[in-house]
Structure formats: C-alpha cells, structure tokens
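Me: I would like to learn how to read cysteines and their links in a model. Could you walk me through it, beginning with a warm-up residue?

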Amino acid sequence: MELALKLSQKINEALAVHDKKVRPNAGGPPVMVDVEFKIISIGEIKEAQMEYTMDIFFRQWWTDPRLAHNMSTPFNMAGDATQMIWTPDTFFWNVKAAKYHRVTRENMRIKIHGDGKVYFSTSITFTAQCDMNLRMYPMDIQVCPLTIESYAHTREDVDYRWKGGKSQGVEIFSKEMAQFEFVGAKTLAFVFLSVNKGSFTSLQAFFTFKRRVSYFITATFMPAVVLVILSWCCFWIDRSAVPARVALSITTILTTILLYGSVNSNMPKVSYSKAIDYFLMTSLGFIFMALLEYILVLNTDPRFCTQRRKEERDDKMKSLYKVTC
C-alpha cells in the first residue's frame with residue numbers, strides 16, 4: 001500500500017510540471033514510437049463503397065524522460081492518456097471513420113515504467129478505404145492496406161517502427177469472415193518525402209482476403225446453367241408449337257437478365273466487365289442462340305413453308321368467298 005501511494009505521488013508530481021504540448025527530447029533526437037496492433041474481429045467488406053471494417057487493440061510505446069519515477073513497479077491505470085500526457089499524433093492515413101470504445105468506460109490503458117517508457121493501448125473500430133480490383137469477381141483476391149504515420153511531426157521530431165520488427169507488427173486474434181477467407185497480413189515501413197512538408201515515416205499493413213466461391217456457385221452459377229439447359233428443352237418441343245417454344249425462350253432470357261441485375265445490384269458501377277459478367281453474358285448468348293435456331297427452322301423448313309403457304313391460300317380463298325357473298 002505504501003509503495004502504491006509513493007508511486008502515485010511521484011506520477012502526480014511529474015504530471016504537475018508536464019507540458020503535454022511539447023514532445024519528449026524537444027530540440028533533440030526524435031521520439032521513437034513502436035507500434036503494434038491486435039485484430040479482434042474483421043467486419044464487413046463492402047465492394048460498392050470499396051471499404052472494410054476492423055476492431056483492433058492499437059498499442060504504442062515511447063520513452064518520455066519527464067515521466068521517469070525510478071521505481072521498479074510500473075504505474076498502470078485505465079484512462080485516456082491524451083488528456084494527461086504528451087502522446088504521438090498518430091493517424092490512419094486511409095481511414096474514413098473511426099471511434100474509441102467507451103463501454104463501460106474508456107477502453108484505454110496507460111503504463112509508465114520507471115525509466116519513463118510509456119505504453120498506451122486503446123480499442124478502436126475503424127472503416128478504411130480499400131481500392132479493389134474486381135475483374136476476377138467472384139474468384140478475386142483483395143489486398144487492403146492500412147497506413148499509419150504522424151499527422152504533424154516529421155521524422156526529425158517523431159519516428160515510427162513496427163514493434164518486434166516488420167513481420168511482427170500485427171497480431172491476429174480472430175480472422176473468421178462470412179464471405180472472405182483471411183489469407184494473412186504483411187507489414188512495411190517507408191519514408192514519405194515532400195518538398196514543402198518534409199519527410200514522414202509511414203507504416204503500412206496489408207491484409208489479404210480471398211473470396212469464398214461456394215455461395216456464388218449455388219446462388220448464381222448453378223441457376224444460370226439450369227436456365228441454359230432449360231432453353232435447350234425447346235429442341236424437343238414440336239416445331240409447330242410456336243407459342244410454347246417462343247414463351248420458353250423469352251422466359252429464360254428475361255430470367256437471366258434479372259439474375260444479372262441482382263448480381264450487380266450491390267456492386268460498384270465499374271467501367272470494366274467482371275468474370276461473373278462474362279459468364280452470365282455467355283449464358284445469355286447460349287439462350288439467345290437457341291431462340292435464333294428456332295427462328296431459322298421456321299423460315300427454312302420446306303414442310304413448314306408449304307404448310308404456311310397453304311394456310312395463306314386458304315385465308316385468301318375465304319376472304320374472296322366473303323366478298324362475293
């Protein structure tokens with residue numbers, strides 16, 4: 001108990017003279033910030049908006065000599081570090097929306113070691129931009145990035161690196177998804193140079209998702225194949241049954257067009273054709289060829305032509321008979 005009170009007293013004394021607007025080592029070497037995050041869950045990937053959602057534990061480590069308390073026991077508490085001490089102005093470059101979790105209170109943790117090393121962890125849900133290539137849809141593989149860097153400080157003030165090395169910056173807790181299979185994550189660090197703004201250290205994580213095709217086999221590919229086979233049933237219907245054969249062909253054509261529209265209803269209006277578009281257009285082509293085959297039969301079969309000429313002659317005779325009467 002006495003140790004805890006003494007530790008709390010030292011932290012309070014340090015916070016009393018701490019200026020959170022000034023970075024550690026101001027005017028000296030840059031603050032090295034180690035970054036790591038743990039993926040708790042992966043949300044929905046929306047092709048129409050080209051975005052994905054994740055829940056993560058975002059963790060940062062840096063050293064602030066002003067907070068050193070020279071005690072063997074680290075100071076540990078739950079709270080928002082941005083309200084008490086200087087924290088890195090880390091931001092996600094391609095994130096559209098994000099929020100902190102605050103149930104039942106701030107899901108944040110601060111740990112200050114005796115040498116002034118600070119650990120700050122928080123729970124975040126974010127929605128990030130992902131430029132997708134849908135040419136192979138639904139057999140596609142998407143690689144979605146997440147870029148991290150300082151918003152205001154250049155490398156001369158704040159520098160970043162992955163905790164534990166480039167290959168250990170991302171920890172996966174849960175990777176189950178409904179429509180995609182999570183293949184893996186890869187990390188990268190590079191320096192972004194700007195003539196007017198200076199150089200910034202950027203950390204990138206790339207998440208690879210492979211789409212599961214089983215749903216599309218039962219919901220799209222099999223119905224399209226059945227419609228093509230159904231259109232071929234016209235070949236076994238008597239050629240004189242014109243309404244039956246034409247109605248069957250028109251019905252399968254309209255159903256294929258409806259299936260094509262339902263598949264693309266939740267997709268972005270891209271300027272190129274996808275793999276599923278080629279498949280459905282090919283299916284529509286087979287159905288249309290079946291209808292075209294019957295039209296050719298009606299216009300080239302000698303027996304049908306003779307019967308048609310006979311019917312036309314009988315109609316003329318009936319009309320002449322009515323006129324003379």
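**Reading positions and cysteine links**

Reply: Happy to! Thr282 sits in helix H4, which spans residues 275-300. Keep in mind that this is a predicted model.

Me: Is Thr282 buried or exposed, or something in between?

Reply: Thr282 is partly exposed, with 44% relative accessible area. For its position in space, take Ala224: the two are 58 residues apart in sequence, and their C-alpha atoms are 9.8 Å apart.

Me: Now the cysteines. How many disulfides does a search of the whole structure find?

Reply: First, the general idea: a disulfide is a covalent bond between the sulfur atoms of two cysteines. Here, the search of the whole structure finds 1 disulfide. The bond joins Cys130 and Cys144, with an S to S distance of 2.1 Å.

Me: Which parts of the chain does that pair tie together?

Reply: Cys130 is in the loop between strand E7 (117-129) and strand E8 (141-150), while Cys144 is in strand E8 itself, so the link ties together parts 14 residues apart in sequence. Cys130 and Cys144 are both buried. The link of Cys130 and Cys144 is left-handed, with -80° about the S-S bond.

Me: And why is Cys234 not bonded to Cys233?

Reply: Check the sulfurs. A disulfide needs them within 2.5 Å. The closest cysteine sulfur to that of Cys234 is in Cys233, 7.3 Å away, so the two are too far apart for a bond. Cys233 is in no disulfide.

Me: How accessible is Cys233, and how accessible is Cys234?

Reply: Cys233 is partly exposed at 34% relative accessibility, whereas Cys234 is buried, with a relative accessible area of 1%.

Note on methods
Residues are numbered from 1 along each chain as its sequence is written. This is a predicted model: local features need pLDDT of at least 70, side-chain atom pairs count only at pLDDT 80 or more; totals for chains, interfaces and linings use all residues. Side-chain values use heavy atoms; hydrogens and water are left out. Helices (H or I, at least four residues) and strands (E, at least two) are DSSP runs, numbered from the N terminus. Buried means under 20% relative accessible area, exposed over 50%, partly exposed in between (1.4 Å probe, protein chains only).
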